[in-house]
Amino acid sequence: MVAILGIETSCDETAAAIVDDGHDIRSSVVSSQVDLHARFGGVVPEIASRAHAELVGGVVAEALVEAGADLTDLDAVAACHGPGLAGALLVGVSAAKALALTLDIPYVGVNHLEAHLHAAWLEDPSVELPLAVLIVSGGHTMVVIVEEDARYRLIGQTVDDAAGEAFDKVARFLGLGYPGGPAIDRLAREGDPTAIEFPRPMLHDGFDFSFSGLKTAVLHHVRRHPDVEVRDVAASFQEAVVDVLLAKLVGAADEAGARTLVIGGGVAANSRLRSRLVEAAEESGRPALLPRVALCTDNGAMIAATAWWRLRSDGPTPLGCGAFPSLRLPTTD
Ligand code: KG4
Ligand code: ZN
């Protein structure tokens, strides 16, 4: 049995988890900084790094207690080393290296995007490959085909805003606060998704995404119709985003012959995306794997699970290896 501590500090969540053999989650602790950033309407990098530095020790200690483990039970320590905010990443990377050095065990630097892909295996280790995975977060929107031996093919990605970024910007404009995704999700449940026919950008145009024009369309509509019901705007905007996301995911799965449809990243917590994905999967004749929400949003378990695979395939990461704010997904083509 290999017990790995995974630390995640790439954005505004300080998280740590202990996972055995890449799939058995013994503990997972997430401390969100949402309250610290809310009054600024978005994540403030300097505040995020300082908060990570204050919180990371306690979060790791809590993960150990929750797992009933001791530091000496750990076989390796992993941290997300990119992509993400430079100062925020360095906190997790430094903490993981310090522990690895002190305990004389391997350190593993983990790619945040690869970790979001691994949430699928964490949820269901027997999931049928190839997978068509939609990663939708505050910083990324991409469709990736996952094949045997953790080989990834990037099929499409956003050419401008990420899906989560669009949710956050539209929510801010509508006065719904930060983070915007959950706020729009909640309000949209009371609204009519067919009330306003917003554009579906690039719907039939390859596998890349664009959300900037949709965001602008929402702003124009609200300015032209100041009396519009905000809940209808939220529901109609959300429906446009979900339509595009699912069309691309299913299209990519068809083209690549993928067996299973998967979603990951913070926007995968969206209730409309989740229910529509189940319908889309039924229509397309393949199962959908929806990792539980705690595995979709940033967490330490996905870091520890990915580290277990990477440790087996590539060995430990040298301690001289730093943080990589613009790290990309390692793809095969
Ligand atoms: O993956 P994540 O936790 O952090 C990043 O790596 O970015 O994703 C955060 C993003 C934010 O933009 C947030 O508004 C969005 O995920 N989000 C949602 C929902 N919950 C979180 N978007 C739509 N509906 C939700 N329920
Ligand atoms: Zn993320």
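**View 1. The zinc site in the predicted model.** Donors are N, O and S atoms within 2.8 Å of the metal; water is not among the atoms, so sites may look incomplete. The structure shown is a predicted model. The zinc ion (ligand 2) has three protein donors, H112 (NE2), H116 (NE2) and D298 (OD), at 2.1 to 2.2 Å from the ion. Along the chain, the donors of this zinc ion follow the spacing H-x3-H-x181-D. Distant parts of the chain are linked by the pair H116 and D298, which are 182 residues apart. H116 belongs to helix α4 (residues 112–123), while D298 sits in the loop between α10 (293–296) and α11 (300–314). Both H116 and D298 are buried.

**View 2. Strand β5 and its partner β4.** Strand β5 covers residues 107–111, and five of the five are buried, so the strand is largely enclosed by the rest of the structure. Y107, G109 and N111 point one way from β5, whereas V108 and V110 point the other way. Strand β4 (residues 76–82) pairs with β5 in the parallel sense, over five bridges. One of the bridge partners is N111 in β5, matched with G82. Between these strands the chain passes from β4 through helix α3 (residues 86–103) to β5, and this β-α-β crossover is right-handed.

**View 3. The five-stranded sheet.** Strands of a sheet pair through backbone hydrogen bonds, either parallel or antiparallel. Here an open sheet of five strands runs in the order β8-β7-β6-β9-β10, and its pairing is mixed. At the edges are β8 (151–157) and β10 (288–289), each of which pairs on one side only.

**View 4. Strand β6 and its two neighbours.** β6 is mostly covered, with six of its six residues buried. On one side of the strand lie L131, V133 and I135, and on the other A132, L134 and V136; both faces are covered. β6 (residues 131–136) pairs with strand β9 (residues 260–264) in the parallel sense, over five bridges. Across this pairing, V133 stands opposite V262, and L134 stands opposite I263. With strand β7 (residues 141–147), β6 pairs in the antiparallel sense over six bridges. I135 stands opposite M142 in β7. β6 and β7 form a hairpin, with four residues between the two strands.

**View 5. The two domains and their interface.** The domain assignment divides the protein chain into domain 1 (3–116 + 297–314) and domain 2 (129–294). Taken over C-alpha atoms, the centres of domain 1 and domain 2 are separated by 27 Å. In domain 1, 15 residues are in contact with twelve residues of domain 2. The size of an interface is often given as the accessible area lost when the parts come together. Domain 1 and domain 2 bury about 1,200 Å² between them, and 63% of this area is on carbon and sulfur atoms. On the domain 1 side, L113, H116 and T297 lose the most area to domain 2, together 44% of what that side buries. H116 is also one of the protein donors of the zinc ion (ligand 2).

**View 6. D35 in helix α1.** D35 lies in helix α1, which spans residues 34–38. Why does D35 count as exposed? The relative accessible area of D35 is 72%, and exposed means over 50%. D35 and L295 are 260 residues apart in sequence, and 21 Å apart in space from C-alpha to C-alpha.

Definitions and conventions: Residues are numbered from 1 along each chain as its sequence is written. Chains are lettered from A and ligands numbered from 1 in the order in which they are written. This is a predicted model: local features need pLDDT of at least 70, side-chain atom pairs count only at pLDDT 80 or more; totals for chains, interfaces and linings use all residues. Side-chain values use heavy atoms; hydrogens and water are left out. Two strands pair if DSSP finds at least two bridges between them. Donors are N, O and S atoms within 2.8 Å of the metal (3.2 Å for Na, K and Ca); water is not among the atoms, so sites may look incomplete. Buried means under 20% relative accessible area, exposed over 50%, partly exposed in between (1.4 Å probe, protein chains only). A crossover is right-handed if, with the strands pointing away from the viewer, the path from the first strand over the helix to the second runs clockwise. Domain bounds come from an automatic or database domain assignment. Contact means heavy atoms within 4.5 Å. Buried area is the accessible area (1.4 Å probe) that two parts lose on being put together, summed over both.
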